[in-house]
Amino acid sequence: MLNKKNPVILAIETSCDETSAAVLEGEGNLRSSVVSSQVEIHAEYGGVVPEIAARQHTENINIIIEEALIEAGIGFGDLSAVAVTVGPGLIIALLIGMSTAKAVSYALDVPLIGVNHIEGHIYAGFFEKPDLEFPFLSLVISGGHTSLIVVNGHGGYKTVGSTLDDAAGEAFDKVAKFLGLEYPGGPVIDKLASKGDPGYYKLPRPMIEHKGYDFSFSGLKTAVINLIRKERSDGFEIRLEDLAASFQQAVIDVLVDKTFKALKTFSLERLVVAGGVASNKALRERFSNECAKQDIELVIPRQEFCTDNAAMIAKSAYYKFMKNEFLPYDAEVKSVLSL
Ligand code: KG4
Ligand code: ZN
């Protein structure tokens, strides 16, 4: 018999460079959330190396799960289900999480639940506002994704816009790399930008004139690189803080513009901004000010739930558990997976 009153779900997330496990009891009692980041290891290479990520996941996953259970004060026997990220992400990284989740689920004879990583990011919003009502718009901005999604109910998604090339986080990472800054670039640029003048360098706002809700950040990245080259060849020093602020402002302007256009077109009054880039300080402030002005209810997860974590996977899995949406044991992970 499934415990539908107060299920205890163990969730596992290994889609990129964070090995994470969390235990959620019922709809909202997050009993533990453990995240082990590999950032320092990949920083040496200027980006995530899939083989190294997979090896790290393999070394860490059992320890992280054990930590999550200890922190939650439970044993394997207390679990009602095991949830895991099925994609999108690095295939060999996803595989470690999936095979571990299958093993635990099979050994305990409890259901296996699959969660889309993007869906997980959206559900991080429910930790911030458990009584968030549908429908709402979600802007998911991470290292791999930039999407505008209309969410009509649990599991009811309609993607109305996405990036045509680089994701927002990817643009932060690439610009930082070109400037010789460390990986990941987002937090570094965020910090530098707080001391810079966002109007100092003139940069394009790609796609802002286009109808529709798609994004493109590759041109902005190229514009920054060209600007750096030109300034240097003209004998000028790059004003790093001003450049970080100007680039960040361009990204935020486009994200805000498209998001508010979509809110208007689809007559939505609630917005969830999620994913790693949503931990950006200036972006949070800007969305918060614009939403206050336009009477939009805004939910942005706290920073630790913006970047990759298993707690968000557990949250989404809870609603699947209640609907008996389980995975068979021959389920596969997918590097590309739409909502
Ligand atoms: O959601 P996430 O942890 O992983 C993916 O699903 O991709 O997002 C990671 C991305 C990276 O590109 C990183 O540079 C960016 O989020 N990021 C930030 C900040 N913190 C992380 N971007 C801008 N400002 C930040 N403070
Ligand atoms: Zn993510």
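**Helix contacts, a sheet and a zinc site**

Author: In helix H6, Ala168, Ala171, Phe172 and Val175 meet Phe247, Gln248 and Val251 of helix H9. By class, this contact of H6 with H9 has 6 nonpolar, 1 polar and no charged residues. This is a predicted model in which local features need pLDDT of at least 70 and side-chain atom pairs count only at pLDDT 80 or more, while totals for chains, interfaces and linings use all residues. Residues are numbered from 1 along each chain as its sequence is written, chains are lettered from A and ligands numbered from 1 in the order in which they are written, and side-chain values use heavy atoms, with hydrogens and water left out.

Reader: What makes residues of H6 and H9 "meet"?

Author: Contact means heavy atoms within 4.5 Å. As for the classes, Ala, Val, Leu, Ile, Met, Phe, Trp, Tyr, Cys and Pro count as nonpolar, Asp, Glu, Lys and Arg as charged, and the others, Gly among them, as polar. Helices (H or I, at least four residues) and strands (E, at least two) are DSSP runs, numbered from the N terminus.

Reader: Why are H6 and H9 called roughly parallel or roughly antiparallel?

Author: Their axes come within 11 Å and cross at roughly 170°. Axes are lines fitted to C-alpha atoms, for helices over the stretch in contact, and angles run from 0 to 180 degrees between N-to-C directions. Angles under 35 degrees count as roughly parallel, over 145 as roughly antiparallel, 65 to 115 as roughly perpendicular and the rest as oblique. H6 and H9 are therefore roughly antiparallel.

Reader: What is concluded for H6 and H8?

Author: The axes of H6 (residues 168-178) and H8 (residues 218-233) come within 10 Å and cross at roughly 15°. These two helices are therefore roughly parallel to each other.

Reader: What makes strands E4 and E5 a pair?

Author: Two strands pair if DSSP finds at least two bridges between them. Strand E4 (residues 81-87) and E5 have 5 bridges, in the parallel sense. Val82, for one, has Leu112 in E5 as its bridge partner. The open sheet has 5 strands in the order E3-E2-E1-E4-E5, with mixed pairing.

Reader: Which protein atoms are donors of the zinc ion (ligand 2), and how do you know that they qualify?

Author: Donors are N, O and S atoms within 2.8 Å of the metal (3.2 Å for Na, K and Ca); water is not among the atoms, so sites may look incomplete. His117 (NE2), His121 (NE2) and Asp308 (OD) lie 2.0 to 2.1 Å from the zinc ion and are its protein donors. Both His117 and His121 belong to helix H4 (residues 117-123), 4 residues apart, about one turn of the helix.
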